[in-house]
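Thanks for making the time this morning. I would like to walk you through one chain, going from the overall fold to individual residues, and please keep the structure open while I talk.

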Amino acid sequence: MLMDIIRKRHSIRKYTNEQISREDLDKILEAGNFAPNAGGGQRSMIVAVHNSELARRLGIMNMSKFNRGKLIGSYVSKEQPSVIDDPTMKDGFYGAPTVVAIFGQANFLFKTADAFCIAENMVLQATELGISSCIVSRGEETFDSVEGHALMAEWGVPEDYECQGFVILGYIDGEEPAFKPRKPGRVKVIE
Ligand SMILES: Cc1cc2nc3c(=O)[nH]c(=O)nc-3n(C[C@H](O)[C@H](O)[C@H](O)COP(=O)(O)O)c2cc1C
């Protein structure tokens, strides 16, 4: 049931070294590719890095420009601490062996919305396959360097595209986090 998968998904921030299979990755990418997209334009580009060394390099690039001063004070999780909670974390992708970068056309109003529809489809498909995931932001900053631009060029991402975010993928190291209760009063039905 879809609702079981939705409830089962958690943002995972600790991974084993085991790589996910190419077959599973392809299913996850297909789910992303079928996401709703503004105007039906299918503008986003999805680049999967199925290479743990390169994923780690990107994870470090993802953290290198992280400005803690801009945080408005948040705490994510005791069980699965994030870079927000733990300043000693240097890899923004938490050692996940695969990362999917989602790019959008810089001047397109719905580039970010499109990207996160793709991300959600992918994390749900990953959950169904028993693969852990986390959506990670700071896309633009990650590629804002000579090295970042060189990688985008190598991957064939057009120059007027910007990374909107990432989905990291792998197998959880440890126990699944506990279910997070939902805050009351956020959902209303008006008949
Ligand atoms: C738009 C967006 C950006 C996020 N960026 C990050 C991020 O950069 N790093 C991270 O560890 N988690 C990130 N997350 C994951 C959230 O922290 C996570 O969804 C939230 O804590 C709720 O936990 P859950 O996903 O396990 O339900 C992001 C989630 C969303 C929707």
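Among the contacts in the chain with a separation of 6 or more, 82% are between residues 24 or more positions apart. Please keep in mind throughout that this is a predicted model. The chain contains six helices and four strands, and, read from the N terminus on, these elements run α-α-β-α-β-α-β-α-α-β.

As for overall dimensions, the C-alpha atoms fill a box of roughly 45 × 45 × 40 Å along the principal axes. The radius of gyration is 17 Å, which agrees with the value near 16 Å that a compact globule of 191 residues would have. Of those 191 residues, 32% are buried.

Let me turn to the sheet, which is open and is formed by four strands in the order S1-S2-S4-S3, with antiparallel pairing. S1 and S3 are its edge strands, each of them pairing on one side only, and the average turn between neighbouring strands, direction ignored, is 20°. In the antiparallel pair of S2 and S4 there are eight bridges, and if you look for Gln-105 you will find it opposite Tyr-161 in S4. S3 and S4, which also run antiparallel, are joined by five bridges, and here Ile-135 stands opposite Val-167 in S4. One might ask how many of the five residues of the edge strand S3 are buried. Four of them are, so S3 is largely enclosed by the rest of the structure, even though this strand pairs on one side only.

Which helices pack on this sheet? Helix H2 does, touching S1, S2 and S4, and its direction makes about 165° with that of S1. Helix H4 lies across S1, S2, S3 and S4, and runs at about 10° to S4.

I would like to stay with H4 for a moment, beginning with its length. Its 18 residues, at 1.5 Å a residue, should span 26 Å, and the end C-alpha atoms are indeed 26 Å apart, so the two values agree. The buried residues in H4 are Asp-114, Ala-115, Ile-118, Ala-119, Asn-121, Met-122, Val-123, Gln-125 and Ala-126, a list in which you will notice Asp-114, Asn-121 and Gln-125 alongside residues such as Ile-118 and Val-123. These buried residues of H4 pack against H2 as well as against S1, S2, S3 and S4. Just after the helix, Gly-130 takes a positive phi of about 80°.

That brings me to the largest nonpolar core, which has 37 residues, and in which Val-99, Val-100, Ile-168 and Leu-169 touch the most other members. At least two residues of this core come from each of H2 (22–33), S1 (45–49), H3 (52–64), S2 (98–105), H4 (111–128), S3 (132–136), H6 (146–155) and S4 (161–170). H4 supplies the largest share, six residues. To see one of the central members in its setting, take Ile-168: apart from its neighbours within four places in sequence, Ile-168 is in contact with Phe-93, Tyr-94, Ala-96, Val-99, Ser-133, Cys-134 and Val-136.

Finally, a few loop positions that you may want to look at on the screen. Gln-42, in the loop between H2 and S1, has a positive phi of about 45° although it is not a glycine. Arg-138 is likewise not a glycine and has a positive phi of about 65°, and its place is in the loop between S3 and helix H5 (139–142). Are these two residues buried or exposed? Gln-42 is exposed, because its count of other C-beta atoms within 10 Å is 11, whereas Arg-138 has 20 C-beta neighbours inside 10 Å and therefore counts as buried; the cut-offs behind this are 12 or fewer for exposed and 20 or more for buried.

The last position is Ser-21, which is found in the loop between helix H1 (2–8) and H2. Ser-21 has 12 C-beta neighbours inside 10 Å, so this residue counts as exposed. Its C-alpha atom is separated by 24 Å from that of Asn-62, which is 41 residues away along the chain.

Notes
Residues numbered from 1 in each chain as written. Predicted model: local features only at pLDDT ≥ 70, side-chain atom pairs only at ≥ 80, totals over all residues. Core = buried A, V, L, I, M, F, W, Y, C linked by C-beta atoms within 7 Å. Contact = placed C-beta atoms within 7 Å. Rg over C-alpha atoms; globule rule 2.2 N^0.38 Å. Pairing = 2+ DSSP bridges. Axes fitted to C-alpha atoms, helices over the stretch in contact; angles between N-to-C directions. Expected span 1.5 Å × (residues − 1).
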